[in-house]
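User: I am new to this model and would like to understand the labels used for it. Could you take me through them, setting each value against its definition?

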Amino acid sequence: MKLTRLTYYSQRNPSEKLDVDDLISVCQRNNNRQFLTGLLYFNGDHFLQVIEGGRVEVSALYHRIARDPRHSNIILLSCVDVRERLFPKWSMGLHQGMNDRTRDIFLRYFSTDEVNPETVDVESLLDVLQDLSAELVPTISKN
Ligand SMILES: Cc1cc2nc3c(=O)[nH]c(=O)nc-3n(C[C@H](O)[C@H](O)[C@H](O)COP(=O)(O)O)c2cc1C
């Protein structure tokens, strides 16, 4: 089965209640069942999410997420077939906020710590997200 990796950027909808802990536990529960993996970065205003897995599952999840009122202005940055997962240990890892370490990681690959979805280089963005994931506890444990 083909593996697909989808990356998008979106804006939090401030008029909708958002409990990030609840959201991430739903993500992890659902994604685990479908062998979906990835990372969600939330800086307080914007989401950046990478979803990896089977084409059909990734596509269905993206359509579901796109209808979610907790965010809007969703911009699809990339959707490609891949040979290998970048986030195999996370049914959905979460990195929140912008601390000094986060900023250092952004500045390793970009000239600023702000993502411009119109111009951003997705490969560099994936490098940032991979570096961020290095500090996260895996959510999938292999037996
Ligand atoms: C930024 C964002 C990212 C999300 N990521 C996922 C995800 O990775 N997996 C998932 O199942 N739901 C995700 N959701 C939630 C879905 O939109 C939807 O609420 C959820 O899948 C419904 O699950 P349920 O039918 O089990 O309640 C996300 C929502 C938002 C706003």
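User: Why is Asn73 called exposed?

Analyst: Asn73 has a relative accessibility of 53%, and the labels are set so that exposed means over 50% relative accessible area, buried under 20% and partly exposed in between, with a 1.4 Å probe and protein chains only as cover; Asn73 therefore counts as exposed. This is a predicted model, in which local features need pLDDT of at least 70, side-chain atom pairs count only at pLDDT 80 or more, and totals for chains, interfaces and linings use all residues. Residues are numbered from 1 along each chain as its sequence is written, while side-chain values use heavy atoms, with hydrogens and water left out.

User: What makes the backbone at Asn73 and Phe35 worth pointing out?

Analyst: Most residues other than glycine have a negative phi. Asn73, which is not a glycine, has a positive phi of about 50 degrees and sits in strand E4, where strands are DSSP runs of E with at least two residues, helices are runs of H or I with at least four, and both are numbered from the N terminus. Phe35 is not a glycine either, yet its phi is positive at about 55 degrees; its place is in the loop between H1 and E2, and with a relative accessible area of 63% Phe35 is exposed.

User: What makes E4 and E5 the edge strands?

Analyst: The sheet is open, with five strands in the order E4-E1-E3-E2-E5 and mixed pairing, and two strands pair if DSSP finds at least two bridges between them. Strand E4 (71–82) and strand E5 (93–96) each have a single partner strand, so one side of each lacks a neighbour in the sheet. From one strand to the next, the twist averages 15 degrees.

User: How do you know that the pairing is mixed?

Analyst: Both senses of pairing occur: strand E2 (residues 37–42) and E5 run parallel and are joined by four bridges, with Leu40 opposite Leu94 in E5, whereas E1 and E3 run antiparallel and are joined by nine bridges, with Gln11 opposite His46 in E3. E2 and E3 are also antiparallel, over six bridges, and Thr37 stands opposite Glu52 in E3. These two strands form a hairpin with three residues between them, and Gly44 in that turn has a positive phi of about 110 degrees.

User: How do you know that helix H1 packs on the sheet, and where does H2 lie?

Analyst: Helix H1 (residues 20–33) touches E2 and E5, contact being heavy atoms within 4.5 Å. The direction of H1 makes about 160 degrees with that of E5, on a scale from 0 to 180 degrees between N-to-C directions of axes fitted to C-alpha atoms, for helices over the stretch in contact. Helix H2 (residues 55–66) lies across strand E1 (3–12), strand E3 (46–54) and E4, and runs at about 155 degrees to E3.

User: Why is E3 described as largely enclosed, and what does Gln49 show there?

Analyst: Eight of the nine residues of E3 are buried, so the strand is largely enclosed by the rest of the structure. Gln49, found in E3, counts as buried at 3% relative accessibility. Its side chain makes a polar contact with the side chain of Tyr8 at 2.5 Å, which fits the definition of a pair of N or O atoms within 3.5 Å (within protein, one able to donate a hydrogen and the other to accept it, and residues adjacent in sequence counting only if both are side-chain atoms). Beyond its neighbours within four places in sequence, Gln49 is in contact with residues including Leu39, Ile65 and Met92.

User: Why is Cys27 called buried?

Analyst: Cys27 has a relative accessible area of 14%, so it counts as buried. Cys27 belongs to helix H1, and its C-alpha atom is 7.4 Å from that of Ser91, 64 residues away along the chain.

User: Which residues come nearest to the ligand?

Analyst: Of the 16 residues around the ligand, Arg29, Asn30, Asn31, Arg64 and Asp68 come nearest, where a residue is near if one of its heavy atoms lies within 4 Å. A polar side-chain atom of Asp68 lies 2.6 Å from a ligand oxygen atom, and one of Asn31 lies 2.9 Å from a ligand nitrogen atom. Taken alone the ligand exposes 620 Å², of which the protein buries 79%.

Methods:
Accessible areas come from the Shrake-Rupley method with a 1.4 Å probe; for residues, only the protein chains shown count as cover.
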